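Hi everyone, and thanks for coming. I'd like to walk you through a protein that may be new to you, so let's put it up on the screen.

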Amino acid sequence: MANNDNETKQFDCSRGCSVEQNPDNSYDCNYRPGCCKLQVYDWLHGVTLVDYKDLFEVRFKNTRKGIFVNSSGQSLKTGDLVVVEAATGHDLGIVTLEGAIVLHQMVSRHIDPATTEFKKIYRKARQMDIDRWREAIGREHQTMIRSRQLAARLGLEMKIGDVEFQGDGTKAIFYYIAAHRVDFRQLIKDFAEEFHIRVEMKQIGSRQEAGLIGGLGICGRELCCSNHITAFQSISTTAARIQDLSLNPVKLAGQCGNLKCCLNYEAAVYNDAQGKIPKVHRPLELEDGQAWLMKTDILRGRMFFSYDQGSFANLYELTADDVRAIQRQNNAGIKPASLNEKRERKAAAVSNDPGFVTAVGDDSISRFDKTSKNKHRHKRRHGKGGFDGKQG
């Protein structure tokens, strides 16, 4: 830490808060938006809706969050720790959204406020609630390790990726991954006997697991699944083929082991651009031989041909319209001129067109400074004192 005052402060990025332990062993928790997974920017900050002023988004661990209604009568704001209704007992979370932006979140999640029965916010969290919450969080890591050992002892083909305790410490959610259906009835009994809590098993996919754990992608940015993706779409190698990417599973796979979600981002653009590129199933017939298609720049609409099918040394760049024109001539039994003539005409056009000319480097930045060459020459000729060496 930077100073002694922050030596006891910890950052719980899974829940988006900073935690500091007081001398009396109590805890101070403060909301930190930058740590939250699937964080939503409140671009309607300050805008209130009278009909939905009591609806708030409450965040729990990692990507779990929900919409709750304030039935406490207390004034709540973003960053408040609140005690909310749970299936059994109560839970503790952080208010992360309020006002008009909550309505937009409900629309994106297909939640109808007229028919949905929202769970309640009981009250703001007291110090006793926060201390119990932090004690339950402290049990999560050891519980996850022990639960994996119990699952391995039963020979179950599953992986427990994360454990989340409820705010009152009476219940825990075990997130697991399994390729096939798993009979974990005996496992639940072992968990209840070992940890003395209510158990909820929740199956997730490998992409959801990556979103829960988080991390940095090969691009250097936070993983999309933990940053903004809420609905995972199917991704196939077709998206990579459309973009002319190398079908290398090591490069195409993300940290979850599946194809990267970002492969779908530009696939539609490449698909539209590829529709403007002519299909070349055979070489172009020219007067001086056959020209073979070697590579294509899809977005620029440029195609590169070579007279030598096995070499990329001497390539001729053609536009999509030029290729279509040559194909129409070939279909009519006509062989156009050599591609060398097209290259010469293009080079002449480029030489006649000055295009954009930069002036950077043409002038020196010190061109307005006065030169001192004459001054130094005068000193060398007349000596240090400024007089010449002649006497009398």
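Let's begin with how the chain folds back on itself: of the contacts in the protein with a separation of 6 or more, 57% are between residues 24 or more positions apart. Contact here means heavy atoms within 4.5 Å.

A quick word on where this comes from. This is a predicted model, in which local features need pLDDT of at least 70 and side-chain atom pairs count only at pLDDT 80 or more, while totals for chains, interfaces and linings use all residues. Residues are numbered from 1 along each chain as its sequence is written, and side-chain values use heavy atoms, with hydrogens and water left out.

Now the overview. The protein has 12 helices and 15 strands; these are DSSP runs numbered from the N terminus, with helices being H or I of at least four residues and strands E of at least two. Of its 392 residues, 36% count as buried. Buried means under 20% relative accessible area, exposed means over 50%, and partly exposed is in between, with a 1.4 Å probe and protein chains only. About 24700 Å² of the protein is exposed, and carbon and sulfur atoms supply 50% of that; accessible areas come from the Shrake-Rupley method with a 1.4 Å probe, and for residues only the protein chains shown count as cover.

Let's turn to the sheets. Strands of a sheet pair through backbone hydrogen bonds, either parallel or antiparallel. For us, two strands pair if DSSP finds at least two bridges between them.

Near the start of the numbering, please find β1, β2 and β3. These 3 strands form an open sheet in that order, with antiparallel pairing. β1 and β3 (27–31) stand at the edges with a single partner strand each, so one side of each has no neighbour in the sheet. On average, neighbouring strands here are turned by 25° against each other, direction ignored. Axes are lines fitted to C-alpha atoms, for helices over the stretch in contact, and angles run from 0 to 180 degrees between N-to-C directions. β1 and β2 are joined over 4 bridges in the antiparallel sense, and Lys9 stands opposite Glu20 in β2. Helix α2 packs on this sheet, touching β1, β2 and β3, and its direction makes about 85° with that of β3.

Is Ser14, in the loop between β1 (9–12) and β2 (17–21), buried or exposed? Ser14 is buried, with a relative accessible area of 19%. Leaving aside neighbours within four places in sequence, Ser14 is in contact with Lys37, Phe60, Lys61 and Asn62.

Next comes the barrel. Here 5 strands close up in the order β4-β5-β8-β6-β7, with mixed pairing. Neighbouring strands of this sheet are turned by 55° against each other on average, direction ignored. β4 (residues 55–59) and β5 (residues 65–70) pair in the antiparallel sense over 5 bridges, and Arg59 stands opposite Lys65 in β5. Helix α1 (residues 100–108) packs on the sheet, touching β4, β5 and β7 (90–98), with its direction at about 110° to that of β7. Helix α2 (residues 127–138) packs on the barrel sheet as well, touching β6 (81–85), β7 and β8 (119–124).

Further along, which strands form a hairpin with 5 residues between them? They are β9 and β10, and Gly169 in the turn has a positive phi of about 75°. β9 (residues 159–165) is mostly covered, with 6 of its 7 residues buried. Its pairing with β10 (residues 171–177) is antiparallel over 6 bridges, and Val163 has Phe174 as its bridge partner.

That same Phe174 forms one aromatic cluster with Phe191 and Phe195. Rings of Phe, Tyr and Trp (its six-membered ring) pair if their centres lie within 6.5 Å; planes under 30 degrees apart count as stacked, over 60 as edge-to-face and the rest as tilted. By this rule there are 6 aromatic pairs. In one of them, the ring centres of Tyr307 and Tyr316 are 5.4 Å apart and the planes are at 80°, so the pair is edge-to-face. Tyr307 is partly exposed at 25% relative accessible area, whereas Tyr316 is buried at 5%.

Thanks for listening, and I'm glad to take questions.
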